[in-house]
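Morning, everyone. I'd like to walk you through one structure today. Let me put it on the screen.

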Amino acid sequence: KLLIKGKSMVSEEMGLNAFLEGQGVEVVETDLGEFIIQRAGESPSHIVAPAVHKDRQEVAALFRREFPGELPAGPEGEAIDAMTAAARRLLRARFREARVGLSGVNFAVAETGTLCLVENEGNGRLCTTAPEVHIAVMGIEKVVPRLEQIPPLLTLLTRSATGQPITTYFNMISSPRRTGEKDGPSEVHLVLLDNGRSRMYADPELRDGLRCIRCGACINHCPVYVRLGGHAYGTVYPGPIGTVIEPQLQGIASQGELASASTLCGACAEVCPVRIPLPKLINRLRYEGVRSDAATGPSGVLHRGARRKPLEALVWRLWAWLHANPVLYRGATRLAALLRWLQPESLGPWTRTRTAPRLAPKGLHRLAQEQGFDSQGGGSPGRRQEPGRDEDGLGPEWERRLAATAPVAEAVREVGA
């Protein structure tokens with residue numbers, strides 16, 4: 001029993017490889033990156049480049065261990081061309097043996113029943129045409145109404161994923177092999193996966209995450225992913241899109257902490273080709289994790305409120321109360337400054353690799369008053385004023401810049417009129 005397999009993140013989401021191997025089926029990944037990490041016993045670290053965390057020396061050592069004699073000795077065996085040729089030789093034989101091939105789907109056209117596969121290596125085409133049976137797996141969000149909508153989506157995907165105007169291969173499969181055709185499978189089976197996607201779609205805000213075309217642009221620009229790598233997330237989908245999708249698929253209780261693994265810098269939203277407001281959705285999931293009510297709204301987010309901690313909630317209530325009462329706030333900050341020597345050295349996991357910040361002996365307001373600034377601001381006599389500047393701190397340089405922008409402002413006003 002042999003199954004050759006093209007790249008598919010949905011199959012990773014399903015845990016399909018482990019299940020089939022448990023049933024006695026040999027599964028062979030044919031995408032080069034997936035082939036490498038399968039032999040290494042690892043999971044993908046990126047949705048486009050699964051083995052991006054490995055360098056060529058590591059891959060060469062893996063090939064020499066798993067396939068003795070396939071690579072030349074010495075530095076020549078660490079050349080990328082040599083390793084690619086070795087993988088090609090090994091996989092060609094498996095393509096000839098397999099009766100069943102499995103692939104993912106980038107887009108599915110409802111109008112024509114066409115399955116669209118985007119790839120660069122050609123393994124996807126072999127998986128879908130060489131075996132007698134082709135099984136395609138996809139999430140229900142990949143369905144596109146009409147064929148005419150595919151070209152713009154393809155352009156967005158290839159340019160955002162790899163920077164190419166178009167990939168080397170673009171496969172469109174609309175049926176099994178027909179009479180007179182020389183290649184193609186005799187059977188084509190399509191598996192549509194929900195796995196919580198309908199629940200996501202029910203929420204008017206969270207449904208935006210289903211627009212994802214799996215280009216990986218948000219991952220490439222995420223400062224958290226760049227420093228930690230994909231395996232640190234412990235999920236199928238890493239990076240910002242994984243931070244949005246995984247807590248909804250698996251529940252807040254098990255994956256809600258991902259929403260905190262974000263700086264909310266907005267880089268992901270800037271580069272997203274389909275304009276998913278990722279920081280907004282991440283903030284929403286943070287709220288869902290700590291909300292206090294047990295209402296079941298239309299979103300049906302699993303385990304909402306699972307990350308709420310009573311003590312932490314009490315601390316934030318006190319914080320809000322103090323900041324709403326100026327007199328109490330000033331008294332509390334002065335008392336905290338006097339008792340700063342009681343502050344603990346350790347503040348939990350955060351201080352394992354950091355020094356705990358110490359409270360200052362004087363607050364900002366006291367320092368400002370000692371420097372001669374009036375607490376009310378404005379042009380009061382107590383506010384310090386530098387020579388050559390007016391009460392607002394503006395000097396001659398600012399006046400020159402303002403005068404230089406006057407023609408531009410006038411032109412804008414004329415256009416608006």
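**Helix α3, two cores and the cavities**

Keep in mind that this is a predicted model. Start at helix α3, residues 32–40. Buried here are G33, E34, F35, I36 and I37. What covers them? The cover includes α1 (9–14), β2 (26–29), α4 (56–66) and α5 (80–97).

Now look at the ends of α3. D31 caps the N-terminal end. One of its side-chain oxygens sits 3.1 Å from the backbone nitrogen of G33. After α3 comes G41, with a positive phi, near 70 degrees.

Next, the cores. In soluble globular proteins, nonpolar side chains tend to be buried together. The largest nonpolar core here has 50 residues. Which members touch the most others? They are F107, I213, Y237, I241, I276 and L278. Apart from this core lies another, of 21 residues, and I36 from α3 is among them, as are V59, M83 and A87.

Last, the cavities. There are four of 30 Å³ or more. The largest has a volume of about 120 Å³. Its lining has 16 residues, with C222, P240, S262, C268 and I282 closest to the centre. Helix α11 (239–250) gives the most to this lining, three residues. By class, the lining is 11 nonpolar and five polar, with no charged residues.

The second largest cavity is about 90 Å³. It has 14 lining residues, and nearest its centre are C212, C215, C218, C272 and I276. That lining splits into 12 nonpolar, one polar and one charged.

Thanks, that's my tour.

Definitions and conventions:
Residues numbered from 1 in each chain as written. Predicted model: local features only at pLDDT ≥ 70, side-chain atom pairs only at ≥ 80, totals over all residues. Heavy atoms only, no water. Core = buried A, V, L, I, M, F, W, Y, C linked by side-chain atoms within 4.5 Å. Buried < 20%, exposed > 50% of the residue type's maximum accessible area, 1.4 Å probe, protein only. Helix = DSSP H or I, 4+ residues; strand = E, 2+ residues; numbered from the N terminus. Contact = heavy atoms within 4.5 Å. Polar contact = N/O pair within 3.5 Å; in protein donor to acceptor, adjacent residues only side chain to side chain. 1 Å grid on protein atoms, 1.4 Å probe; cavity = no way out; pocket = protein on both sides within 12 Å on 5 of 7 lines; lining within 4 Å. Points joined across faces, edges and corners; volume = space filled by probe spheres on them. Nonpolar A, V, L, I, M, F, W, Y, C, P; charged D, E, K, R; others polar.
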